[in-house]
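User: Could you take a close look at one part of this protein for me, the antiparallel sheet and what surrounds it? I'd like a connected walk-through that I can follow with the model open on my screen.

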Amino acid sequence: MKQLGLFFGILFFLFSCAPKNQEQKDEATLKQDAKMEWWRDARFGMFIHWGLYAVPAGEWNGKEIPGISEWIMARAEIPVKEYEKLAEQFNPVEYNAEEWVKLAKFAGMKYIVITSKHHDGFAMFHSKASKYNIVDATPFDRDPLKELADACEKHGMRLGFYYSQAQDWHEPGGTYHNIEQGVPHWDPELEREPLMNYINGKAVPQVKEILENYGGLDILWWDTPRGMTEEAATTLQAEADKYPDLITNNRLYRPWPGDFSTPEQHVPPTGLDYDWEVCMTMNTSWGYKRNDDNWKSSESLIRMLVDIASKGGNLLLNVGPTAEGLIPAPSVERLKEMGAWMQKNGESIYGTSASPFFKLPWGRCTTKKTSSGNILYLHVFNWPKDGVLRVPGLDARVKDVYLLTNPKQKFAYKFEDNDVLIHAPTVIFDPVNTVVVVKTGKKMEITSNMPSLKEGKILMPADFADIHNPGYGTHAVLSGSGTESLIQNWVDYRTRVEWMFHTSDAGTYRIEALVKSEQPGKLTVKLGDQNTETEIPSTDGNFEIISLGEIEISEPGNQIISLTPVRENWGSAELMYMELVKL
Ligand code: JFZ
């Protein structure tokens, strides 16, 4: 009888431990989760754009060609036969695959994605399918991608190849940027052929080669599906399907989703409900461009990585090696600085999940579940001036609060209403980003700190806005935090500023904003399917409260309101907050 009791006891125990939400997932989701596990944990990878374009490095016939350097053949309309000659000069003898892999590893990167063939059609690997490759067409006589694959294998680095499957400016059947508009290829000597000639004659055989000859790729990174057909995409997908563990992106064919999506050159303002990876340059160009000195700071790159992790995404950060085979010094410097931070704080990035909070004015949060509870990693970019770090709406038993880089350094904290207030230190531990660890019990609930109706008003400060910048264009930026936060450099008319808020009251609201504008302009205010255009006067260089009209809220609950400039007359503006006043 006793034994029977024990038996049922154990049975009950086993049942109660079974991961409940996993049971609800279907088989396909579980399979996908297993395939994506390493990639989701990794959070940080290196993108490498390397090819013949590193030789001209942004200049042609003594003139600087505007734009990204790997596009020089198209931008300078270089004939195929002339561009081909670059191969004779391409001899990257300084190339050392192991150095690159070690640098990526030092930076805290867990995978590398390198261009195996970019739009110029030149293969950076030994290909039997086309003589236009680094082994057969250059004096270099080495296969750099084989060397890279070996070095990755040796150092435990995951590896992916970028392959431009549609655009191939070198082939009569390859596509080019404005093919869909019916514009002819710039080189009249390249007689056109059907796309499938190129797909079957070069793309498919080369994709077979890269998938087969480099020790098994982890990622195949397609790019620019311009001029792609479903037939071409299906043919290429069939090759990828032979490798069930291979991860592919969403750029094979519109609108095929692949395994992850690829916001480019901008960080989405909120998380997305599928896997995503931001690809980003450290300066402006992907390929090496001699005069491109527009470097982002290490601080902004570290914070960008943290920002992305706090939204549940990955960062694929680009380097553009030179024609000699070297990663440019400014890139190396930044990777080392990122690495110095990651080596101390990597625990707060790898294997973490997106922030459970709505907005944190002082920084970001990443989180992890453990067998004994939850870990919140509070990434403090700006310590609040009043010395109190407010963790909004945290309902949990707090077990420990300490500095990630020195667990002996504890922080005093107390509860106030639903918030946890952590006492800021008198010394700044890390001016870029200090990580404070909060360990809680298993039960953890978070009440959203979304702007909501208080005393007839809904205040939406700048640092609660989602700034939707266009990938290529001038980016509006947020500066400061809390009551001092400010959206600056709002110059691009495509930049949309958006807030989420909550109201318990339906009715009419007056919209006000604290704005500085250089010249009169117009904004479209959008809420649900209501659109109203309102004039903004010039404020002569001062901040002024201006009225943006009225809006009707028909249903209480969560709402999204956005401001988008009207293209004509848009000059530049700054904004501190927007407020809705209940009428
Ligand atoms: C493509 C390439 O043309 C470019 O040279 C580079 O390799 C980059 C990573 O990818 O450029 C793109 C691709 C997608 C968008 C913009 C530029 N996009 O989605 O906006």
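Analyst: Let's begin with a single pair of residues: Thr 503 has Gly 557, in strand S27, as its bridge partner. That pair belongs to the antiparallel match between strand S22 (residues 496–503) and strand S27 (residues 557–565), which holds 7 bridges. Please keep in mind that this is a predicted model. The average pLDDT of the protein chain is 94, and 96% of the residues score at least 70.

On its other side, S22 meets S19. These two strands also run antiparallel, joined by 3 bridges, and Ile 467 sits opposite Val 497 of S22. Put the pairs together and you get an open sheet of 5 strands in the order S19-S22-S27-S24-S25, with antiparallel pairing. Strand S19 (466–468) and strand S25 (530–536) each have a single partner strand, so they form the edges and one side of each has no neighbour in the sheet. From one strand to the next, the twist averages 25°. As background, strands of a sheet pair through backbone hydrogen bonds, either parallel or antiparallel.

Now step back from the start of S22 to Thr 495, in the loop between strand S21 (486–490) and S22. Is Thr 495 buried or exposed? Its relative accessibility is 0%, and the cut-off for buried is under 20%, so Thr 495 counts as buried. The contacts of Thr 495, leaving out residues up to four places away in sequence, include Ile 467 and His 468, and both of these positions fall within the range of S19 (466–468). Thr 495 also touches Leu 563, Thr 564 and Pro 565, which fall within the residue range of S27 (557–565). Among its other contacts are Asn 469, Pro 470, Thr 474, Ala 476 and Trp 490.

At the other end of the numbering of S22, a nearby loop is worth a look in sequence terms. Ser 452 is in the loop between strand S17 (434–446) and strand S18 (457–461). Beyond its neighbours within four places in sequence, Ser 452 contacts Lys 457, Ile 458 and His 502. His 502 is a position inside the range of S22 (496–503), so to speak a link back to the sheet. Ser 452 and Thr 440 are 12 residues apart in sequence, while their C-alpha atoms are 27 Å apart in space.

The loop that holds Ser 452 also contains Glu 455, between S17 and S18. Glu 455 has a positive phi of about 50° although it is not a glycine. Most residues other than glycine have a negative phi, and most peptide bonds are trans. At 82% relative accessibility, against a cut-off of over 50%, Glu 455 counts as exposed.

Ahead of S17 comes another loop, between strand S16 (419–423) and S17, where Pro 425 is found. Pro 425 touches Trp 383 and Phe 411, not counting residues up to four places away in sequence. With Trp 383 the separation is 42 residues in sequence, yet 8.9 Å in space from C-alpha to C-alpha.

Back at the edge strand S25 (530–536), there is a cavity to look for. How many cavities of 30 Å³ or more does a search of the whole structure find? The search finds 1, and the largest cavity has a volume of about 40 Å³. Ile 536 is one of its lining residues, and position 536 closes the range of S25. The lining also includes Ser 517, Gln 519, Pro 520 and Gly 521, together with Asn 569, Trp 570, Gly 571, Ser 572 and Ala 573.

For contrast, look at the parallel sheet elsewhere in the chain. It is an open sheet of 7 strands in the order S7-S6-S5-S4-S1-S9-S8, with S7 and S8 as the edge strands, each pairing on one side only. S8 runs parallel to strand S9 (residues 314–319), with 4 bridges between them, and Glu 277 stands opposite Asn 314 of S9.

Glu 277 is also among the contacts of Ser 261, along with Asn 250, Leu 272, Tyr 274, Asp 275 and Trp 276, leaving aside neighbours within four places in sequence. Ser 261 is in the loop between strand S7 (247–248) and strand S8 (277–280), and counts as buried at 10% relative accessibility. The loop between S7 and S8 also holds Pro 255, which is joined to Arg 254 by a cis peptide bond with omega of about 0°.

One last caution concerns confidence: pLDDT stays under 50 over residues 1–20, for which the model has 1 contact beyond four places in sequence. Helix H1 (residues 2–17) has the lowest mean pLDDT among the elements, at 42, whereas strand S4 (residues 111–117) has the highest, at 99.

How values were computed. Residues are numbered from 1 along each chain as its sequence is written. This is a predicted model: local features need pLDDT of at least 70, side-chain atom pairs count only at pLDDT 80 or more; totals for chains, interfaces and linings use all residues. Side-chain values use heavy atoms; hydrogens and water are left out. pLDDT is the predictor's confidence in each residue, from 0 to 100. Contact means heavy atoms within 4.5 Å. Two strands pair if DSSP finds at least two bridges between them. Axes are lines fitted to C-alpha atoms, for helices over the stretch in contact, and angles run from 0 to 180 degrees between N-to-C directions. Buried means under 20% relative accessible area, exposed over 50%, partly exposed in between (1.4 Å probe, protein chains only). On a 1 Å grid over the protein atoms alone, a cavity is a set of points where a 1.4 Å probe fits but cannot get out, and a pocket is an open set with protein on both sides within 12 Å along at least five of seven lines; lining residues have an atom within 4 Å of a point. Grid points are joined across faces, edges and corners, and a volume is the space filled by probe spheres set on the points.
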